[in-house]
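The following note sets out several points for colleagues who are examining this entry. Each point takes up one topic and may be checked against the coordinates.

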Amino acid sequence: MAESFTVSGTTKKEKYESLLPQIKALIEGENDTIANLSNIMAALKYGMDFFWVGIYFVKNDQLVLGPFQGPVACTRIDFGKGVCGAAWKEKKTIIVKDVDQFPGHIACSSLSKSEIVLPSFGKNGDVNLILDIDSEHLATFDETDRFYLEQVMELIGKCSAV
Ligand code: SME
């Protein structure tokens with residue numbers, strides 16, 4: 001595992017490119033899912049300075065809160081509900097520029113203004129968890145975030161395959 005962790009760069013692209021190899025190094029040689037996801041959440045939160053970063057696991061017919069960094073959050077989300085439930089149902093990344101414009105958005109914190117939610121798929125092709133990242137600012141997330149965070153999801157998929 002990496003002994004130090006520092007994200008360099010000024011642009012979002014530079015920061016993600018500095019972050020990704022460090023995330024790889026962080027989980028190398030460790031096969032415990034919770035340990036790896038916990039470190040990835042910390043790396044994203046502190047590396048990219050996001051407001052809230054967390055995992056929700058698919059458990060039966062709900063999403064259940066997993067490793068996260070940031071303020072306390074909702075523990076359970078139903079299939080199809082909120083941005084997280086919608087990403088699970090539609091099996092795709094969802095970028096929300098303004099949470100107030102997303103019908104059914106679940107406000108865990110009134111400070112959250114925009115978010116991106118990405119699904120991860122198990123061996124059977126079903127969604128097994130989702131990554132949710134929230135920002136205190138409007139329109140924080142765009143195609144650059146999708147591009148790099150989908151690479152993070154591949155790493156998450158490798159360390160959490162069920
Ligand atoms: N806003 C999310 C709920 C999770 S919290 O933001 C951590 C949603 O609408 O699904």
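Is Cys 108 buried, exposed or partly exposed?

1. Exposure of Cys 108. The model under discussion is a predicted one. In it, the relative accessible area of Cys 108 is 33%. Because buried requires a value under 20% and exposed a value over 50%, Cys 108 is classed as partly exposed.

2. The disulfide. The structure contains one disulfide. Its partners are Cys 74 and Cys 108, with an S to S distance of 2.0 Å. The link between Cys 74 and Cys 108 is left-handed, with -115 degrees about the S-S bond. Distant parts of the chain are joined in this way: Cys 74 belongs to the loop between β2 (62-69) and β3 (76-78), and Cys 108 to the loop between β4 (94-96) and β5, the two being 34 residues apart.

3. Cysteines outside the disulfide. Cys 84 takes part in no disulfide, and its nearest cysteine sulfur, that of Cys 108, is 7.4 Å away. Cys 84 has 5% relative accessibility and therefore counts as buried, the limit being under 20%. Cys 159 is likewise in no disulfide; for Cys 159 the nearest cysteine sulfur is that of Cys 84, 18 Å away. With 10% relative accessibility, Cys 159 also counts as buried.

4. The largest nonpolar core. This core has 29 residues, and the members that touch the most others are Ile 40, Leu 44, Leu 131, Ile 133 and Ile 156. Two or more residues each come from α1 (12-27), α2 (33-48), β1 (52-59), β5 (114-121), β6 (127-135) and α4 (143-159). The greatest contribution is that of α4, which gives seven residues. A second core, separate from this one, has 18 residues, including Ile 77, Cys 84, Ala 87 and Val 96.

5. Surroundings of Leu 44. Leaving aside residues up to four places away in sequence, Leu 44 is in contact with Leu 19, Ile 23, Asp 49, Phe 50, Val 53, Leu 131, Ile 133, Leu 149 and Val 152. Leu 131 and Ile 133, which appear among these contacts, are also among the core members that touch the most others.

6. The cavity. How many cavities of 30 Å³ or more are there? The count is one, and the volume of the largest cavity is about 150 Å³. Its lining comprises 18 residues; those nearest the centre are Tyr 56, Ile 106, Cys 108, Asp 132 and Asp 134. Cys 108 is thus named both here and in the disulfide with Cys 74. At least two lining residues are supplied by each of β1, α3 (82-90) and β6, and α3 has the largest share, with three. By type, the lining consists of 12 nonpolar, three polar and three charged residues.

7. Positive phi values. Most residues other than glycine have a negative phi. Two residues merit inspection on this account. Asp 49, which is not a glycine, has a positive phi of about 60 degrees. Asp 49 lies in the loop between α2 and β1 and is exposed, with a relative accessible area of 67%. Ala 139 has a positive phi near 50 degrees and is placed in the loop between β6 and α4. At 43% relative accessibility, Ala 139 is partly exposed.

Technical notes
Residues are numbered from 1 along each chain as its sequence is written. This is a predicted model: local features need pLDDT of at least 70, side-chain atom pairs count only at pLDDT 80 or more; totals for chains, interfaces and linings use all residues. Side-chain values use heavy atoms; hydrogens and water are left out. A nonpolar core is a set of buried Ala, Val, Leu, Ile, Met, Phe, Trp, Tyr and Cys residues joined through side-chain atoms within 4.5 Å. Buried means under 20% relative accessible area, exposed over 50%, partly exposed in between (1.4 Å probe, protein chains only). Helices (H or I, at least four residues) and strands (E, at least two) are DSSP runs, numbered from the N terminus. Contact means heavy atoms within 4.5 Å. A disulfide is a pair of cysteine sulfur atoms within 2.5 Å. On a 1 Å grid over the protein atoms alone, a cavity is a set of points where a 1.4 Å probe fits but cannot get out, and a pocket is an open set with protein on both sides within 12 Å along at least five of seven lines; lining residues have an atom within 4 Å of a point. Grid points are joined across faces, edges and corners, and a volume is the space filled by probe spheres set on the points. Ala, Val, Leu, Ile, Met, Phe, Trp, Tyr, Cys and Pro count as nonpolar, Asp, Glu, Lys and Arg as charged, and the others, Gly among them, as polar.
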